[in-house]
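Colleague: I'd like to go through this one with you and ask why you call things what you call them. Can you put it up on the screen?

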Amino acid sequence: VSGEQGAKAERMFALMDRFLKNDPISLQKDILDHVEYTVARSRFNFDDFEAYQALSHSVRDRLIERWHDTQLYFKRKDPKRVYFLSLEFLMGRSLSNSVINLGIRDQYADALGQLGFEYEVVAEQEGDAALGNGGLARLSACQMDSLATLDYPAWGYGLRYQYGLFRQVILDGFQHEQPDYWLNFGNPWEIERIHVTYPVKFYGTVEDETLNGGKYKVWIPGEMVEAVAYDNPIPGYGTRNTITLRLWAAKPSDQYDIESYNTGDYINAVVNRQKAETISSVLYPDDRSYQGKELRLKQQYFFVSASVQDIIRRFKDAHSNFDEFPEKVALQLNDTHPSLAIVEVMRILVDEEHLDWNRASDIVGKIFSFTSHTVIAEGLEKIPVDLLASLLPRHLQIIYSINFKFVEELKKKIGLDYNRLSRMSIIEEGAVKSIRSANLSIVCSHTVNGVSRVHLELLKANVFKDFYELWPEKFQFKTNGVTQRRWIVVSNPSLSALISKWLGTEAWIRDVELLTGLREYAADSFLQHEWKMVRKVNKMRLAEYIEAMSGLKVSLDAMFDVQIKRIHEYKRQLLNILGIIHRYDCIKNMEKSDRRKVVPHVCIIGGKAAPGYEVAKKIIKLCHAVAEKINNDSDVGDLLKLVFIPDYNVSVAELVIPGADLSQHLSTAGNEASGTGSMKFLMNGCLLLATEDGSTVEIIEEIGADNMFLFGSKVHDVPILREKGPDLKVNLQFARVVRMVRDGYFGFKDYFKSLCDTVEVGNDFYLLGSDFESYLEAQAAADKAFVDQEKWTQMSILSTAGSGRFSSDRTIQDYAENTWGIEPCPCPF
Ligand code: GPQ
């Protein structure tokens, strides 16, 4: 830049420190400046939380520097970008992740130390950002980390809920839900963009308009709210690239309701205005049942409309011809929750940009890709037509048009097979006429992805069979992955250091396949010794947490046996608890002399139940009732303990996973689309006890069946077993433990009755009874392996060594190359 502009830029440049410095003195100065000027505390007197606030603002400054440079660079290069639309992001804490990705963790730890603070203690002050439910939402977060690290020009779009996932509080063994008003303590990781706003319309009517001889539809809305952007910078590791997660918050619109002020009821007009904010107020805490709630639909459209407007605005800043849109834009639908984006793009192109229908629909077909995360037909989302007609009248018309054209084409291909036509239609007729979001997504996307190989096979054979037969080339799978930055480097720093020492490099943090290099040393007694020490320290940390939380002292020699995930019948926490009852029963009935042979277990279970999911809540209560009995039985002592970890979330996972010896993944085969928890355990050298479901099938290929404990019916057995009906040869051990619960051995006899009914012969949909024997065998195999600590440690090293394929870096690269068609755009400097 030259001339006056250039002179101005030069002066600005000279005035600023370029860039912020990361030596210990500069960092200390920065932290103290933030204590004084941002947190407004005295630099001579501030506590751990205030230190966290100051520290995070200092990190934020560094993030912003890189974020500006990256955004400027993307703008200049104008590469094809991917926009990742997701209603949920489970980010957890940001501080440690950020300083590690920026490569300045140790410098900050030193700086804090010099100021008299301990880094770990300060980092613990941060609360979780829990804007999601479970696996699906955490996957989005892992994928954002990989997108940034691999330098892809990517944006995440979502909703800035004021209340995240509820806090789980346990009272007398029952789950209670408390609101998670997470913004109470401020959020240094977001940048409020008060000028980046878009109007989002709802309700109203559609009218015809003639303009320059063309006929168009005009939507006259009945309500309008404003979407305000909050940008969350996402730093990559080992790169300057820092991308954006843009979350939208709802605010009352200034343009719209001027009218209501003229009625004279000023107070009520203001109060009504404020209602706009409820759209982004609360996350729905049940991720698998669709209740056709208006607020949920409003949330979906709100975030999708703002995102699409933003994407089109960015495109138009640099281009004038929409035919170039597919060369610049890829839109990824994370499950069907954002599927209205398809309709919104159509609406804007046709009604506002005045493209003809075919041209618009051609563009839409080139930009959208869709990933499904579910296996079962009942899990597929539906939008009642009546609801859509009132909330988004124009969108309903567009869906009807899309469907009409689709069905016409389909008839040409398959003829008048009305059953099949009605199965494939986007509109479901029936008692409640509704829109099938999955059908809409498949019809309008160029690619449909499953999240593991088996998942795709199931989709092809069942829920999406008709579509697969029509468009086999559309269907792909990208096995899920998790980021090793958070799940090893942040959560298990000692293991991370040990890995780097033995591999002689930190390169695996970016190139995780290098972990296979550990295989060479798996039998090395020096590595084994150091590996065991690291694991012991992590177990100690977990034991301290358990004691602080529940008062229970646990033995470090016991096997820490963990199942942490959302509570669902298909995930079979009940199988685990019944197994624990069996173990307890065996110990009680054993000769005292035989007890020496028992492998002591600390069984750890954690997870939230959706507030309206009665069976899941009963499972939590049963876990507590059983724990109460076992933990107070001095006769059993350290041989068996059962702990329920309350309020399971990302930061609890970061503490529990590194401390686990064994982790359980018990879903009835064919029910878990992928599963990602297992990958985190694997990376941390924890052995798996699992069914051959979802991604486990691929884990077996990578680390070998002899390196884990597998059990249960296989994917193709399950439908046969269900078909066959009640198994007359009921497993006696299973019948006995269920009977113990039924008979009130753990109290609450009446309360547990309906829970016991769910696994009774003839009713046992998730096949706990049929899998019980094989489950106990796998348990016994794990116990046997644990006795040989050398062998166990070797298996543990091999687990970490084989975990590389389950990095989200691999998943994202595959998406980038084979689904989105985007290329890395590394920011220089
Ligand atoms: N998943 Cl459909 C969720 O966490 N929530 C959902 O609503 C649906 C799926 C999970 C799925 O159960 C796991 O098997 C996957 O690993 C995960 O999504 C990510 O794909």
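**Sheets first, then the ligand**

Modeller: Here you go. Three strands make up an open sheet with antiparallel pairing, in the order β14-β16-β15. Keep in mind that this is a predicted model.

Colleague: Which strands stand at the edges there, and why do you say so?

Modeller: β14 (382–384) and β15 (427–428) do: each has a single partner strand, so one side of each is left without a neighbour in the sheet.

Colleague: How do you know that β15 and β16 count as a pair?

Modeller: Pairing takes at least two bridges. β15 and β16 (residues 434–436) have two bridges, in the antiparallel sense, so by that cut-off they pair. Glu 428, for instance, stands opposite Ser 434 in β16.

Colleague: What about the sheet with nine strands, in what order do they come?

Modeller: That open sheet runs β7-β10-β11-β4-β1-β12-β13-β17-β18, and its pairing is mixed. β7 (191–202) and β18 (475–477) are the edge strands, because each has a single partner strand and so has one side without a neighbour in the sheet. From one strand to the next, the twist averages 25°.

Colleague: What makes β1 and β4 a pair?

Modeller: Again we need at least two bridges. Four bridges join β1 (residues 81–85) to β4 (residues 154–159), and the two run parallel, so they pass the cut-off. Leu 85 has Tyr 157 in β4 as its bridge partner.

Colleague: On to the ligand. What makes the approach of Arg 288 a polar contact?

Modeller: The cut-off is 3.5 Å between N or O atoms. A side-chain N or O atom of Arg 288 is 3.1 Å from an oxygen atom of the ligand, so that pair qualifies. Tyr 570 also qualifies, with a side-chain N or O atom 3.3 Å from a ligand oxygen. With Ala 673, a backbone N or O atom lies 3.3 Å from an oxygen of the ligand. The protein buries 97% of the 450 Å² that the ligand exposes when taken alone.

Colleague: And why do you say the ligand lies between domain 1 and domain 2?

Modeller: Because domain 1 (78–93 + 128–480 + 814–820) and domain 2 (493–804) both give residues to the shell around it. That shell divides into five nonpolar, eight polar and four charged residues.

Notes: Residues numbered from 1 in each chain as written. Predicted model: local features only at pLDDT ≥ 70, side-chain atom pairs only at ≥ 80, totals over all residues. Heavy atoms only, no water. Polar contact = N/O pair within 3.5 Å; in protein donor to acceptor, adjacent residues only side chain to side chain. Areas by Shrake-Rupley, 256 points an atom, 1.4 Å probe, with all protein chains shown as cover. Nonpolar A, V, L, I, M, F, W, Y, C, P; charged D, E, K, R; others polar. Domains from an automatic or database assignment. Axes fitted to C-alpha atoms, helices over the stretch in contact; angles between N-to-C directions.
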